[in-house]
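The following exercises concern one protein structure. Each task sentence is followed by a solution in steps.

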Amino acid sequence: SPPVTSQLSATGRQEDGCHSGGSGSKTDKIPVMRGQWFIDGTWQPLEEEESNLIEQEHLSCFKGQQMQENFDMEVSKPVDGKEAVHSFKLSRNHVDWHSVDEVYLYSDATTSKIARTVTQKLGFSKASSSGTRLHRGYVEEATLEDKPSQTTHIVFVVHGIGQKMDQGRIIKNTAMMRDTARKIEEKYFCNLATHVEFLPVEWRSKLALDGDTVDSITPDKVRGLRDMLNSSAMDIMYYTSPLYRDELVKGLQQELNRLYMLFCSRNPEFEEKGKVSIVSHSLGCVITYDIMTGWNPVRLYEQLLQKEEEDLEDRWMSYEEQHLLEELYITKQRLREIEERLHELKASTISKTPALKFKVENFFCMGSPLAVFLALRGIRPGNSGSQDHILPRTICNRLLNIFHPTDPVAYRLEPLILKHYSNISPVQIHWYNTANPLPYEHMKPSFLNPTKEPTSVTENESIPTIPSPATSPVMVRRHYGESITNIGKASILGAASIGKGLGGMLFSRFGRSSAPTSQTSETGKEGTEGEDKKPVAIHSTVGTLTFPHSSSGFLDPTLELEHRIDFELREGLVESRYWSAVTSHTAYWSSMDIALFLLTFMYKQDQEDADKSNLDPV
């Protein structure tokens, strides 16, 4: 007999098997079933339990016999006059076999029996009157080409704050990102045999944290607003709390490892050949970063204590105070030696396991406040253009920071590596429908504000005003690409969870970023006239830049970053900055521009690795 083909239910999707357990309600889970016996006409599968019983009975009676191999036969051909060669009773139905490939299902309900008796007395056969013909196997034969493309890259999508307020939101957002990526794949990467899969990571709902303590101390007035803040912004306070921070970190770490092991168990070859990237949003970027690097606030506290000891040695003190300080120093030194011996003893018996069970190929941050956290931890710009200054390449091959220019939660990372990059524009993400876009690695850095550097260009060497992708000239900030207004379907409700709580900070940032002349203009003119005006240098601290530059406005290559990290979405031509500030933080999920950006980097790396493997000697 032909091989049994498997089919998902009408709405089934394979990726639901990798959804994080406990995330969202049960209605979010779609069953995946194996189809063996199908109903004629609709080709819907029978219930799995009944299908298994019929399959066992069929094999016991007809194993070794041949079925008709023509799937285009007249499936409604009557079997008048043919007696059933075999019958099988189910709980509410029975099945008659007229031959190896003529099988009918009958209902044993009382009404069905009466109808069957009446129609048979009128001269109709049992099969044609009330029987439902069954087919073993699907209407189309399975072929080797039917299998899906091999998944060579999985992307874990990590949520930020607000998941408690809207459970299951990350599953919906990931589905939006996955569907958008599928459209991009079909348009630009259809000739590749590989596949990128996006999997949601829901880590918040399993955490106990303080239980209901915060809810119990919340006043009743404006309760709705307070509950919204408790379910969203409170996650930031939990993470800065020494009591609950570890619970958040371990929650995400365990969920990432669980999903990875689950995926590898269902795709055995992936562990050896596959790659893993992480897309994190908002606070999720900070937690993911801390998991990868193993950052711990206790280390920072020890460094502060050591600095205090050094400061004490520099000031004058009495003999008694100096004597007590020496005793304290000796005691601490002895304590450190004991701790080191204890750690060595533990290390000899228990090997330290890495935080994550996989190597992170790319770490994509979206709407990320990571730069603020790193700055507050004491990280300052260095004199090397390497990503290793904030995230070693041994931990993660590539760090990419994606943000919308009006996202109030997002900050830049490049100025934490090289300070003068605060005056260099982020790389503009291409529109998804741009014809022949310049590859990102070929885009040269350009100044945000050339007026800050008086010696960069002379009057005779004025900068051209016509944009040229090949030369990437110095230009004032302009309107860029896909309008967030057009992406507004990406959860306005989610944006509201932060919009009100961050209102003060939101508008204060606009006040700093706008030119002084725009403050006196009317709101209606700001979107039209204000955008065409050249920005005025408010602070002169960056104006005294000492790094060399060429007359074209480009940086000296010796001072450039090894790889660009900050990538900025393009602003829409007609969108309001104040409105997009509320919606932009949650509008990344359905952006076609971002989907193309993510796939471009991942497929490019896969292609480079494939080329290298082809060049390796046999």
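**Exercise 1. Determine whether C61 and C365 are buried or exposed, and how many disulfides the model has**.

Step 1. C61 has a relative accessibility of 32% and therefore counts as partly exposed, the class between buried (under 20% relative accessible area) and exposed (over 50%), with a 1.4 Å probe and protein chains only. C365, at 0%, counts as buried.

Step 2. The structure is a predicted model, in which local features need pLDDT of at least 70 and side-chain atom pairs count only at pLDDT 80 or more, while totals for chains, interfaces and linings use all residues. Residues are numbered from 1 along each chain as its sequence is written, and side-chain values use heavy atoms, leaving out hydrogens and water.

Step 3. A disulfide is a covalent bond between the sulfur atoms of two cysteines; here the criterion is a pair of cysteine sulfur atoms within 2.5 Å. The cysteine sulfur closest to that of C365 belongs to C285 and is 4.0 Å away, which is too far for a bond. By this rule the count is zero disulfides.

**Exercise 2. Describe the open sheet of seven strands and the helices that pack on it**.

Step 1. Strands (E, at least two residues) and helices (H or I, at least four) are DSSP runs, numbered from the N terminus. The protein chain has 19 helices and twelve strands.

Step 2. The order in the open sheet is β7-β6-β8-β9-β10-β12-β11, with parallel pairing; two strands pair if DSSP finds at least two bridges between them. The edges are β7 (194-201) and β11 (427-428), each with a single partner strand, so one side of each has no neighbour in the sheet.

Step 3. Within the sheet, β9 (residues 360-366) and β10 (residues 396-403) pair in the parallel sense over six bridges. F363 stands opposite L399 in β10.

Step 4. Helix α4 (residues 169-188) lies across β6 (150-158), β7, β8 (275-281) and β9, and runs at about 165° to β7. Helix α8 packs on the sheet too, touching β6, β7 and β8, with its direction at about 160° to that of β6. These angles run from 0 to 180 degrees between N-to-C directions, along lines fitted to C-alpha atoms, for helices over the stretch in contact.

**Exercise 3. Identify the residues with the most contacts inside the largest nonpolar core, and the helix that gives the most to it**.

Step 1. A nonpolar core is a set of buried Ala, Val, Leu, Ile, Met, Phe, Trp, Tyr and Cys residues joined through side-chain atoms within 4.5 Å. The largest has 54 residues, and F156, L256, I287, F358, F363 and L413 have the most contacts inside it.

Step 2. Helix α8 (residues 245-266) gives the most to this core, with eight residues. A second, separate core has 35 residues, including A410, V427, M443 and L596.

Step 3. Beyond its neighbours within four places in sequence, I287 is in contact (heavy atoms within 4.5 Å) with W203, Y239, L248, V249 and L252.

**Exercise 4. Locate T288 and state which residues it touches**.

Step 1. T288 is found in helix α10 (residues 283-293). It is buried, with a relative accessible area of 1%.

Step 2. Not counting residues up to four places away in sequence, T288 touches V158, L252, I278, S280 and F363.

**Exercise 5. Explain why strand β5 is largely enclosed, and name its partners**.

Step 1. Four of the five residues of β5 (residues 132-136) are buried, so the rest of the structure largely encloses this strand.

Step 2. β5 pairs in the antiparallel sense with β1 (residues 37-39) over three bridges, where F38 stands opposite H135. β4 (residues 102-107) also pairs with β5 in the antiparallel sense over three bridges, and V103 has L134 as its bridge partner.
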